[in-house]
Amino acid sequence: MKKLFLLPLLLAGLLSAQTEVRKAPVLPSYKDLKFAPLPPLKIPEPVTVTLPNGMKLYLLEDHELPIISGAALIRTGNLFDPPTKRGLAQLTGAVIRSGGTRSESGDQIDLKLENIAASVESNIGEGSGTMSFSALRENADEVLAVFRDLLVSPEFRQDKVDLEKTQTRSGISRRNDDAGGILEREFADILYGRDTPYGWSMEYADIDNIQRHDLIDFYTRYYFPENIQLAVYGDFSAAEMQGKLGRLFAGWTAKQAPVPKFPEVHKTPVPGVYLATKTDVTQTFFAVGHLGGVFRDKDYPALEVAGQILGGGFSSRLFQRIRTKLGYAYGISANWGANYDHQGLFQIGGSTQSAHTVDSLRAVREELDKMRTGEVTDAELQTAKDTVLNGFVFNFDRPSKTLNRVLLYEYYGYPKDFILQYQKAIGTVTKADVLRVSKQYFKPEDLTIVAVGNPAEFKTPLAELGFKVQPIDLTIPESKKAAPKADAGSLRKGGELLAKMQSAMGGADKLAAVKDYQFQADIAIQMGGMKAKQRNSFLAPSTMRQDLELPFGKQSVYFDGKAGWMASPQGVQMLPPPVIKQSQGEVFRELFGLALSDRDPGRTVSAIGEDQLEISDKQGNSVKVQIDAAGLPSKLSYDGEGMAGPTSVDESFSDWRDVGGVKVPYKASIVQGGKKFADVTVQEYKINSGLKAEDLSKKP
């Protein structure tokens with residue numbers, strides 16, 4: 001009875017559901033959607049005027065927000081760096097801003113601008129220099145005054161020059177940390193030529209060669225009114241802004257000869273396989289290509305479409321083949337690179353599993369050959385053109401972009417409507433065009449292949465690609481310091497100062513009798529207010545150990561004069577070459593050994609001041625020693641390693657006490673790059689306690 005009772009209800013529910021399904025409307029497919037064509041793009045026309053001093057102004061009103069911004073474009077660049085002072089333009093561009101003006105330091109300007117939500121920035125890149133500003137309309141006059149002073153009369157304060165040099169050295173020291181960064185640098189350097197401004201790299205020696213007067217001279221040569229285009233956009237009246245800027249820059253009448261053309265790019269192909277060995281990566285980062293072109297080339301639009309089909313996105317041939325089908329790589333791309341005034345780089349790049357390095361490179365070559373031997377499909381062509389054309393909206397989404405483009409076109413001699421010409425040309429590209437430019441411009445015989453990875457993990461050697469593998473040397477050359485003056489007078493005076501230092505510390509014989517020592521100390525590190533405990537042990541002539549107790553764990557370093565190890569919570573490893581060099585410097589600067597430098601025939605001791613010594617050895621170590629009135633070494637100054645890389649270091653000593661018949665400092669202050677790094681307070685000092693090498697070498 002229960003089942004019979006439920007059956008009518010069940011049938012009724014089913015019939016009702018069927019009725020609802022039949023009544024449901026049929027939705028149209030997305031393929032049936034129709035869109036009206038986008039309106040034609042219009043390029044706003046800025047007011048253009050040349051001031052009496054020769055500076056050209058571009059003024060574009062935009063009243064959407066109460067903000068006024070602008071940028072000066074200066075015809076200069078690191079392409080004008082002297083061969084022995086690479087990095088000069090970069091340093092100049094940075095210190096123009098950080099060095100402040102004659103009336104205000106860069107730090108004072110920072111505070112002023114922060115308080116009114118404004119900014120003024122400066123830099124110099126490869127082929128141009130810029131200085132930009134941004135401010136609320138109500139503060140525009142105040143910010144323009146700062147902008148004008150920095151552009152017209154930067155001060156290049158010495159401390160900011162030194163700081164920028166230190167930061168640049170730090171960047172050089174870290175340039176091999178990232179495999180992707182190595183790839184981009186080496187690929188460009190090889191293709192452009194390492195002996196050209198387009199392909200050379202900054203080294204420590206370049207930075208050491210640059211002095212404050214070099215920055216001033218570089219600024220003076222390129223920063224003059226006739227060499228500057230100034231664009232201003234935002235909430236203002238163009239007529240009023242023109243008058244304001246005219247008055248602001250009326251007194252700046254500096255003159256220089258016209259700036260020369262930038263150097264030409266060498267067009268000699270460098271085909272082959274180049275390997276940068278990096279053993280701490282599990283992938284191979286690679287780039288394949290040769291020199292590209294310039295934007296104004298008639299075939300650039302077709303090459304842009306060809307590059308998009310080859311490797312421009314998820315639907316590209318390289319992506320579908322190497323990632324989707326073969327599963328060798330996470331990402332891969334291709335691009336026909338172009339620049340405004342010199343050739344860019346045609347580059348196919350990505351990263352792949354180490355074992356499949358050669359497999360991936362072979363697949364790249366196969367896909368490149370297919371582009372040159374057969375037409376692409378209609379779908380590929382349309383997708384590539386749509387991708388390029390649909391991205392055009394982002395060229396005009398802000399007035400600042402439009403104005404900056406107008407500025408660049410004027411800077412490089414392009415027509416004002418170049419981007420619209422380019423857009424139209426993209427629309428007319430055909431399959432035949434893509435095949436033609438692929439055959440003409442993609443040149444397999446000129447391909448340069450650069451790989452960064454661990455060859456021990458390659459399933460197939462790179463030589464199987466048919467080229468001799470050329471190794472890339474990633475060594476960062478040390479700066480060659482000029483030898484200190486060692487004339488008879490400075491050597492005699494140096495000997496006298498050293499003898500005074502020996503006497504103050506307890507006498508040469510007692511210092512020579514020190515065979516080992518150990519001290520315990522507390523360290524107050526300025527960064528984050530961190531505290532640490534340190535135990536330093538030294539065994540003559542060159543064995544040392546340092547044990548640190550830090551908030552995040554214990555660390556130890558052992559060095560026997562030639563090699564050693566370092567231990568941390570992550571484990572124990574042998575000392576890498578940079579740390580070995582740093583440890584050799586520590587041994588060289590050991591105070592008892594420094595005081596006895598006259599007993600070491602490999603060292604030179606000379607006076608460089610009334611109370612200052614310079615001690616150096618044949619291995620390139622050097623230190624300046626300041627002597628106090630009592631004859632004790634009050635400060636050591638040298639080039640060392642800081643938290644962020646190479647930097648200048650000052651160690652100042654105080655609270656000298658007698659221990660075992662010799663004087664030792666119980667307090668030290670360490671300054672790196674002009675900034676306080678740490679204070680050290682010794683708690684206990686032991687001399688000749690019988691330390692043994694086996695005790696120091698025992699690993700945690």
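Strand β5 of this predicted model shows a clear two-sided pattern in its side chains. Gly 129, Met 131, Phe 133 and Ala 135 point to one face and are buried. Thr 130, Ser 132, Ser 134 and Leu 136 point to the other face, and these are not buried. If you are wondering about the background to this, in a regular strand the side chains alternate between the two faces of the sheet.

Let's look at the strands that flank β5. On one side is β4, which pairs with β5 (residues 129–136) in the antiparallel sense over 6 bridges. A hairpin makes the connection from β4 to β5, using 4 residues. To find your place in this pairing, pick out Asn 123, whose bridge partner in β5 is Thr 130. Thr 130 is also one of the residues on the face of β5 that is not buried. The other pairing to follow is with strand β3 (residues 67–74), which runs antiparallel to β5 and is joined to it by 8 bridges. Here Ser 69 is a handy landmark, as its bridge partner in β5 is Ser 134.

Now step back to the whole sheet. It is an open sheet of 6 strands, and reading across it gives the order β1-β2-β6-β3-β5-β4, with mixed pairing. Which strands stand at the edges? They are β1 (47–50) and β4 (119–124); each has a single partner strand, so one side of each is left without a neighbour in the sheet. On average, neighbouring strands are turned by 15° against each other, ignoring direction.

From the sheet, we can move along the chain to a pair of helices. Helix α12 covers residues 357–373 and helix α16 covers residues 431–441; their axes come within 7 Å and cross at roughly 125°. The two helices are therefore oblique to each other. Which residues bring them into contact? From α12 come Met 371, Arg 372 and Thr 373, and these meet Val 434, Leu 435, Ser 438 and Lys 439 of α16. Sorted by class, this contact has 3 nonpolar, 2 polar and 2 charged residues.

One more residue of α12 deserves a visit: Thr 357. Is Thr 357 buried or exposed? Its relative accessibility is 1%, and because buried means under 20%, Thr 357 counts as buried. To see what surrounds Thr 357, leave aside residues up to four places away in sequence; Thr 357 then touches Thr 284, Thr 352, Phe 458 and Leu 462.

Key:
Residues numbered from 1 in each chain as written. Predicted model: local features only at pLDDT ≥ 70, side-chain atom pairs only at ≥ 80, totals over all residues. Heavy atoms only, no water. Axes fitted to C-alpha atoms, helices over the stretch in contact; angles between N-to-C directions. Parallel < 35°, antiparallel > 145°, perpendicular 65-115°, else oblique. Contact = heavy atoms within 4.5 Å. Nonpolar A, V, L, I, M, F, W, Y, C, P; charged D, E, K, R; others polar. Buried < 20%, exposed > 50% of the residue type's maximum accessible area, 1.4 Å probe, protein only. Pairing = 2+ DSSP bridges.
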